[in-house]
Amino acid sequence: MATNRTFTMIKPDGVENGHIGGILNMITEGGFRIVSMKLTQLTVADAQKFYAVHSARPFFGELVEFMTRGPIVAAILEKDNAVEDFRTLIGATNPADAAEGTIRKKYATSIGENAVHGSDSDENAAIESAFHFAGREQF
Ligand code: GDP
């Protein structure tokens with residue numbers, strides 16, 4: 001059964017390019033409630049752990065370097081069918097394939113620097129949320 005929470009990050013490119021406000025606006029206009037949120041920065045160890053599933057991929061080093069190069073906004077979001085609906089709102093990994101009206105279509109610059117993260121399953125949403133937020137930070 002689908003749960004009602006997902007986890008997101010505004011990635012370093014989105015923060016550097018001044019898109020925190022624009023992206024948060026699309027998220028709230030999309031019907032998501034912000035449960036938790038903070039500006040933070042991943043260490044290399046954090047990024048390697050967060051993206052461990054991609055450790056054998058050729059772009060892993062580039063991905064870790066990108067994700068640690070500046071601050072990110074981490075957030076937990078709530079909405080019915082949150083994981084699937086948020087994946088729809090962010091669009092395809094590669095902005096060239098992202099649908100009109102999606103966050104990545106508007107703000108991503110490449111397949112690597114694609115502005116936002118969205119959990120791909122309820123299980124990962126729970127793991128990723130717990131990675132960044134204590135229970136008392138979840139409202
Ligand atoms: P997502 O679930 O849409 O974020 O995509 P994936 O789980 O497949 O990949 C995780 C992240 O790795 C993506 O959001 C990109 O930031 C990065 N990534 C994926 N494919 C590539 C690639 O071919 N090159 C680079 N540099 N980064 C990639």
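Colleague: What is the relative accessibility of K105?
Modeller: This is a predicted model, in which local features need pLDDT of at least 70 and side-chain atom pairs count only at pLDDT 80 or more, whereas totals for chains, interfaces and linings use all residues. Residues are numbered from 1 along each chain as its sequence is written, and side-chain values use heavy atoms, with hydrogens and water left out. Buried means under 20% relative accessible area, exposed over 50% and partly exposed in between (1.4 Å probe, protein chains only). K105 counts as partly exposed, its relative accessibility being 36%.

Colleague: Which residue forms a salt bridge with K105?
Modeller: A salt bridge is a side-chain nitrogen of Lys or Arg within 4 Å of a carboxyl oxygen of Asp or Glu. The partner is exposed, with a relative accessible area of 67%. With the closest N and O atoms 3.9 Å apart, the residue bridged to K105 is E100.

Colleague: Which residues are joined into one network by salt bridges that share partners?
Modeller: The structure holds six salt bridges. Those that share partners build one network from R5, R33 and E78.

Colleague: How many residues apart in sequence are the parts that R33 and E78 tie together?
Modeller: The side chains of R33 and E78 meet in a salt bridge, N to O at 3.0 Å. Helices (H or I, at least four residues) and strands (E, at least two) are DSSP runs numbered from the N terminus. R33 lies in strand β2 (residues 33-40) and E78 in strand β3, so the separation in sequence of the parts tied together is 45 residues.

Colleague: How many residues apart in sequence are the parts that R69 and E16 tie together?
Modeller: R69 and E16 form a salt bridge whose closest N and O atoms are 2.8 Å apart. Because R69 is in the loop between α4 (60-67) and β3 (72-78) while E16 is in helix α1 (residues 12-16), the pair ties together parts separated in sequence by 53 residues.

Colleague: Which side chain makes a polar contact with the side chain of E128?
Modeller: E128 lies in helix α7 (residues 122-132) and is buried, with a relative accessible area of 10%. Leaving out residues up to four places away in sequence, E128 touches F7, F50, H117 and S119, where contact means heavy atoms within 4.5 Å. A polar contact is a pair of N or O atoms within 3.5 Å; within protein, one must be able to donate a hydrogen and the other to accept it, and residues adjacent in sequence count only if both atoms are side-chain atoms. At 2.7 Å, the side chain that makes such a contact with E128 is that of S119.

Colleague: Which side chain of opposite charge is nearest to R104?
Modeller: R104 lies in helix α6 (residues 103-107), and its contacts beyond four places in sequence include K11, T93, N114 and H117. Lys and Arg count as positive and Asp and Glu as negative, while His and the chain ends are not counted. R104 is buried yet has no salt bridge, and at 8.4 Å the nearest side chain of opposite charge is D13.

Colleague: How far is an oxygen atom of the ligand from a polar backbone atom of G112?
Modeller: The residues around the ligand (a heavy atom within 4 Å) include K11, H54, R104, G112 and N114. A polar side-chain atom of H54 lies 3.1 Å from a ligand oxygen, and an N or O atom in the side chain of N114 is 2.9 Å from a ligand oxygen. For the polar backbone atom of G112, the distance to a ligand oxygen is 2.8 Å.
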